[in-house]
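Colleague: Could you take me through one part of this model up close? I'd like to see how the aromatic rings pair up, and what else sits around there.

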Amino acid sequence: GELGRRVELTSRIRDGRVQYHPDWPEVTDFSGEVAVAGQTVRVMIDQAVRAGARLGGTRAVMRDQASYVDIDLDARIETQAALQFARDTPLRERLTFVGPDWTGAGNLHLFGNLHVPLGESQNDETADELGVDLFATMIGANLEMPDYRLEVNNLEGRIRYRYPNSLRGHDITGSLF
């Protein structure tokens, strides 16, 4: 359309509920701001709950007619809920290393950047590539991975995960086996 006639719709929302797509978990108790401007949707989350995660200070921007979303994430989640999120959403197609029998306990504070494909891209060739650069502060986290015959308990410290296969951390305490 005509560039001179673009309209932006911005709204503050309190105690909202959002179901973007049936394949993704519903967001509840949403408080924040939503702005729709042409092919771009911006969401600033003051607080919300999604698949067991408490979000606050998270920002999401959907571009290219919602073919992808860029997320600046700040979330607190139980380890088991994070595993379920990886298994129960379309992310399972790309996070195939998360085993179906993995279990977890304890808490995580996640923050970082994600680029998540949501559909067919119209304009951007990189829109279909998953991008994850995520930090996790582990708070008494436990993780059992039977397929690796590995169990770690009482993890405390900070790790960095970069998709697809980079996991780094230092000054982490816990017990192995």
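Modeller: Let's start with charge: the protein chain has 19 positive and 27 negative charges, and their mean positions are 4 Å apart. Lys and Arg count as positive, Asp and Glu as negative, with His and the chain ends left out; each charge is placed at NZ of Lys, CZ of Arg, CG of Asp or CD of Glu. Keep in mind that this is a predicted model, where local features need pLDDT of at least 70 and side-chain atom pairs 80 or more, while totals use all residues. Residues are numbered from 1 along each chain, and side-chain values use heavy atoms, without hydrogens or water.

Now for your rings. Searching the whole structure turns up four aromatic pairs (Phe, Tyr or Trp six-membered ring centres within 6.5 Å; stacked under 30 degrees between planes, edge-to-face over 60, tilted for the rest). One of them is Phe-111 with Phe-135, stacked at 5.7 Å centre to centre with 15° between the planes. Phe-111 sits in strand S7 (residues 103-117) and Phe-135 in strand S8 (residues 131-145), so this pair ties together parts 24 residues apart in sequence. A strand here is a DSSP E run of at least two residues, numbered from the N terminus.

Phe-111 is partly exposed at 21% relative accessibility (buried is under 20%, exposed over 50%, partly exposed in between, with a 1.4 Å probe and protein chains only). Phe-135 is partly exposed too, at 23%.

Strand S7 also holds His-115, which is buried at 14%. The side chains of His-115 and Asp-70 are joined by a polar contact of 2.6 Å, meaning an N or O pair within 3.5 Å, with one atom able to donate a hydrogen and the other to accept it.

Terms used: Helices (H or I, at least four residues) and strands (E, at least two) are DSSP runs, numbered from the N terminus.
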